[in-house]
Structure formats: C-alpha cells, structure tokens
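Here's a quick tour of a protein–DNA model. Have a look at the structure first, then read on.

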There are 2 protein chains.
Amino acid sequence: MSPTNNATRRRRPTIHDVAREAGVSRGTVSRVLNGGRHVSPAAAEAVNAAIRRTGYVVNRHARSLITGRSGSVAFLLTEPQERFFEDPNLGVLLRGCTQALAAHDIPLLLMIAGSGAEQRRITRYVSAGHVDGVLLVSSRTGDPMAETLVRAGLPVVMCGRPVGRATGLAHVAADDRGGARQMVRHLLHTGRRRVATVTGPLDTPGGVERLAGYREVLAEAGLPADEDLVETGDYSHDGAAAATARLLARRPDLDALFVASDLMARGALAALERAGRRVPHDVAVGGFDDSTAAVASRPGLTTVRQPWDRISSEMVRVLLARMAGEDTSAVILPTELVRRESA
Amino acid sequence: MSPTNNATRRRRPTIHDVAREAGVSRGTVSRVLNGGRHVSPAAAEAVNAAIRRTGYVVNRHARSLITGRSGSVAFLLTEPQERFFEDPNLGVLLRGCTQALAAHDIPLLLMIAGSGAEQRRITRYVSAGHVDGVLLVSSRTGDPMAETLVRAGLPVVMCGRPVGRATGLAHVAADDRGGARQMVRHLLHTGRRRVATVTGPLDTPGGVERLAGYREVLAEAGLPADEDLVETGDYSHDGAAAATARLLARRPDLDALFVASDLMARGALAALERAGRRVPHDVAVGGFDDSTAAVASRPGLTTVRQPWDRISSEMVRVLLARMAGEDTSAVILPTELVRRESA
DNA sequence: CTGAAAGCGCTTACAG
DNA sequence: CTGAAAGCGCTTACAG
C-alpha cells in the first residue's frame, strides 16, 4: 500500500524488546520510563542500557490510550486571518511557545479558527481530549471558544486580558495600561500639551487599556479630557492614517500623538507627512509594541516594548501548572519605554 | 490529582457504547467509521444514528496504536529564529498549510529546529513515527534534516527548491528564475541599461535562481556581464542597504536595481535616499515577494508576487499523495509581476 | 454483510 | 522492589 510508510521502515523496538534485553519484566521497564519510582538502581541501570542498545522510543499512542492524556497542547488562534500577515508579534509568540513546550517534550498543535465551521470543528477535536491544554490567542472580546473550552474542563491560558465577561480565565498579558502611561508621561515630559491618541479597537484589551492609561495620565497632569483628541483605529496601517487625518482636521494644533501600535504609528507618520507636519518637531509620535516596524520606521519610532519572549514562556508555565492541577490565574508583565527619534 | 482534567469530565462514549446503542457489533461500528465498506445500508444507518445520539468521537490514540499511523503532520522549520520576525511569507505559508490540512482533519504539529540539539530531538521524535509526514521549510542548503527524514522512510515535502545535493526531494516552489526574468525584462523595457542586483544568500534557492534569471535576461538583451553590478545580500534590511551602498560606490551610474526580496528592497531604498538618488527617476527599483513591505513602502514597490496560498495548498496535496504511496515530485508555480511606483 | 476474537504497546493496581 | 495480569479503545483478518 504505502511503500514509504511501512515496508521500508523496520519494526521499532517495543517495551517488550527492552525488557527481554534487560532481563526484567515490562512493568519494570515502564516504571523506569515513568520516573523510576520503586525501581532498584541495578534494575534501572540495566533498563537504561537496554534502551540505549535497542534505540527504544516510547510509543505515545499506547501511552496516551491508557493514561487518557495526549501529551500535546494546542496553540489556538481565533483571529481574522489578516493578523497573520500584519502582526509580527504573533510569530514571536508562536515561536516562544513552541520552544518552551519543546523543552518539556510536548508537541504544539497549531489550530486556526477563522470561520464558525472551523470553530466547531476545533471545539469538537479539542473537547474529544486530543490535547491536554490550550494556549488561546484571540484579541477580540466575546470569543465563544474560551468559555466553551473551559466548560469542557480543559486547562486554558489566554494571551492578553480577556475583555467582556470576566470569566476569571487564566491569562498572561503585558501591562498595557502601565505601558500607555509610560508613553504619555514621556510625551508630556517633552513639553507637549495637546496629546492626541489613535486607539486600538475598543473590543480588544489593547484598545481599552491603552486608552485608559492615556486618560489617566492626562487627568493626573490636570489637562482637560478632550474627546476631539481621541480616534479609534483598527490596528491597520491605512486605518490609522485615516484616523490621524481626522484628528488633524479637528485639532490642527495637536502637538503629540500616542498610537496604540507600531504598525498604526507608521500609518500615522505617513498621514502627518502628507499633512506637512514634521516629526518630532511639530508632532511627537509614540507607538506601541517595539516591533520591527518601529526600527525600520523613519524617523525611528519611540515606542513601548512588550516582553513577548516572557509572555510566551509564562503562558506555557501557567498552562503546565493548570494541567498539573494547580490554580494559577493571571500574570501581568511590565513594559518598557524605548526611545528613538519620533518623540 | 488533576481536578480540571479527570474528575470534571465525564467518561466519553466508546465504540462499545455506540455498538450497544445501534444493536450491532463493535466491528461493524468500526467499519462504518472507516468508510463503510462491507456494511449494509440499514446497519450503517443505525450506527450513524447511534453516533449522533451518543456524541461519539473516535479515540485517535487507540486508532493510531493499531494502524501505526498518527494522523498528524509536522510543519518543520529549520531556520535561524529571526526569520520568524522578518519574513511575513512564513506566516502565510503556515496558515495555508494548517487550513489545507484541517480540511482533511489532520492536525499540524509545529516544530522549530534552531540549534543542533533541537534538530536531534526533533529527528528522534519524528523518526519514532509520531507524525505521518513532514512539511519542511528551510531555505539554507545542506540541511541535514531533509536527508535524515527521507532516510527514516518519512514522506517529506520541501518548500522551495532544494539547493546542493540533488536528492530528488519532493518540493513545491515558486518559479524564482522566471520571476526574476519578468522583473529584469520589465526594467529593461523602461529603458534602463545599467541594471544592478542585490541577491539573496547564494546557498538559498531564492539567491541562486533569481540571480540566474537576472543574468539570463541581460545576456539575452546583449548586455555585457558585469560582476561589479552584483552584490550578495542576506535577506535583511540593513544588509541590503550596505550592499546597495557598495554598488553605488562601484557603479555610481547604475540606473536600475533588482533586489531579491521586498524587505531588502526597503533597505536599498533607504540607501538610495541617503545617497540622494530619486526612485524611480534616477534608479528604478524592483523587489521580490509582494509582501506587506511592498505596499507600505514609499514609493510603492514594484515586485514579483509569489503565490503563497497555492504553494501551501500544493505542499499539502503533494504530501498527502506521498503518504498515500504516490510518487509526486516537484511542483513549480508561476509568479506575477506587480507594478507600483518604484519601477 | 457481520460477529467473535486477537492484538496494537503501554501503565498500573495487585500480590508477593 | 518486582512480576503477572488486566485493560485502555480501537482495527482487522477470519470464519461464517
């Protein structure tokens, strides 16, 4: 049938071969494999030697069948597909999670739930016990999958603070509000007083929290709340350019602009250039993310770094803890202001 | 032990429950599950109804244990980690493969082999039969994993033409040479005669093939081969900027530049701007990829589109064919010239 | 077309 | 500490 699959490959050694080779029972081999409790040093030694000689590798399917655990974890993305093109953080996150799991010898299943049909298919698959836990990435609120998975009894850890229904979902996030505060405070320190903002979508944690941080700092500085200085963006380059143009139309005197992502900040820079504003001379611009877009930007973008490498490793740590029955909940990680030319 | 894992979840129905419910034997249920050969319509009907009533979902571990197939596929990346940051095509490819496999209900395991230790770990895992096939992405030549996996009897499909030892490895690739030919021909059509190029690394197919296309077209046009017009880049923004500066130093009169990737073309544009050259007036610039970088670039980048969505679907199609024992080999897909302002 | 039975490779109480 | 045995949930010849 499948020449490459079966005929070619020779039979792999089983636990039985190892037991015979080591002169012990299969039970003893299994005990060595699973931590070596209740095994004499001599027996353990003999088994390990036999494993080396035979090249034995455990058959995970057999193990899973009896333990009821799959030994794998899902990285579930419930995003409109464009994010994969646009958001470089996603790649960093995915890589970080893959490698953190690899250190525990746990494979990562990548699942992308765009359409409703895909969501149902994945829910079925995951609920059937094919993975032991889920790393969930979905910026939008009201994502029905989070609740579904939790109700199915699956350990779930989200990336980012869940907006909307406060399910007490475990999550790992950067301190969005604190990061926004750092940036706006910096803009005020450079002497700006008419600080506008282009927010993220207000059904995303980044949208809500960064706007909140912006408002807090302005209020603390005794500056009036002015809704003319606030525009909502959609995390896209062009959307932010349009939002910036609207801000300039309403408030031609604005002297600083806090944009809730680097990609959007690039759009804002383009709009400012078209409007003849010099950056940072006329308008100081601050972004968020410290993505490659921030470095490549001209002028270089002053921005807020999110600790993506730590976010991924913490997500894995929390998920493994939950899979072991512990009840860790939220982890919030600090951000860092990165100064370049734009502000 | 694990409250979220076991206690909470109730026992899932097995094939035995379905058989009892349908009033048939477990063998018959299994036959219905596996295509319904040798099953009477009445029995199939009863089984399907019972599956619906019980909410039965097959236990893949049990199935795998007996069939010897895992029902999953690996997406294996053997890249220096930066590519995940820099190359947006990778995300598109990964998403495309995930979804093409999902249509066949085949989960994708993401594996990233950076270090040698990781390569060995993954080789062991994969060779142990934990996946049925491998989608391999590694632009560098001489990747030892490809050969190792093939020798282990695993169906493998590479993304991009394998450079170096011609193992007759199955692969899917864009027509790099043809794409380069389209671009250089276009530059000549606009009246340019001193066409320089920044290549990709010459141990990558994109580096080798796009350079070959460039040379072919110049030769066909009767232009002299001039090695002063050729610089090797490293697929990075800054590397390409430096390469462009070297070209300008050697050949200040160059009037066109073919850059082997959009990201590098951005670097080239920056270098040209620093040197006071206007694009396209003084120097026409062409990129490769049609990535988001091409759209965001100012001026908009004329480039060559690679059909990434088709590449991913073809990779999956060829891999599934190989897993079924068929012997498909290479698929080369056509590229398309995308005209914007830079050339 | 269908049932009874063997067996995939492992883990885990249960005795000793 | 260790072995013998049961059993996880399926698939697949083998008879009928």
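## Helices at the DNA

In this predicted model, α3 (26-33) and α5 (60-67) of chain A, plus α3 (26-33) and α5 (60-67) of chain B, each give at least two residues to the surface near DNA strand D. Here, "near" means that one of a residue's heavy atoms lies within 4 Å of the strand, and helices are DSSP runs of H or I, at least four residues, numbered from the N terminus.

## Who sits around strand D

A set of 25 residues surrounds DNA strand D, with A:Arg31, A:Ile66, B:Ile15, B:Ser30 and B:Tyr56 the closest. On the DNA side, sugar and phosphate make up 63% of the strand D atoms that come within 4 Å of the protein.

Sorted by class, that surface has 12 nonpolar, nine polar and four charged residues. Asp, Glu, Lys and Arg count as charged; Ala, Val, Leu, Ile, Met, Phe, Trp, Tyr, Cys and Pro as nonpolar; and the others, Gly among them, as polar.

## Polar contacts from chain B

Now for the polar contacts, pairs of N or O atoms within 3.5 Å. The side chain of B:Tyr56 puts an N or O atom 2.7 Å from a phosphate oxygen of DNA strand D. Bases get contacts too: a side-chain N or O atom of B:Arg31 is 3.1 Å from a base nitrogen, while B:Ala62 uses a backbone N or O atom, 3.4 Å from a base nitrogen.

## Reading the numbers

Residues are numbered from 1 along each chain as its sequence is written, and chains are lettered from A and ligands numbered from 1 in the order in which they are written. Local features need pLDDT of at least 70, side-chain atom pairs count only at pLDDT 80 or more, and totals for chains, interfaces and linings use all residues, while side-chain values use heavy atoms, with hydrogens and water left out.

How values were computed:
Polar contact = N/O pair within 3.5 Å; in protein donor to acceptor, adjacent residues only side chain to side chain.
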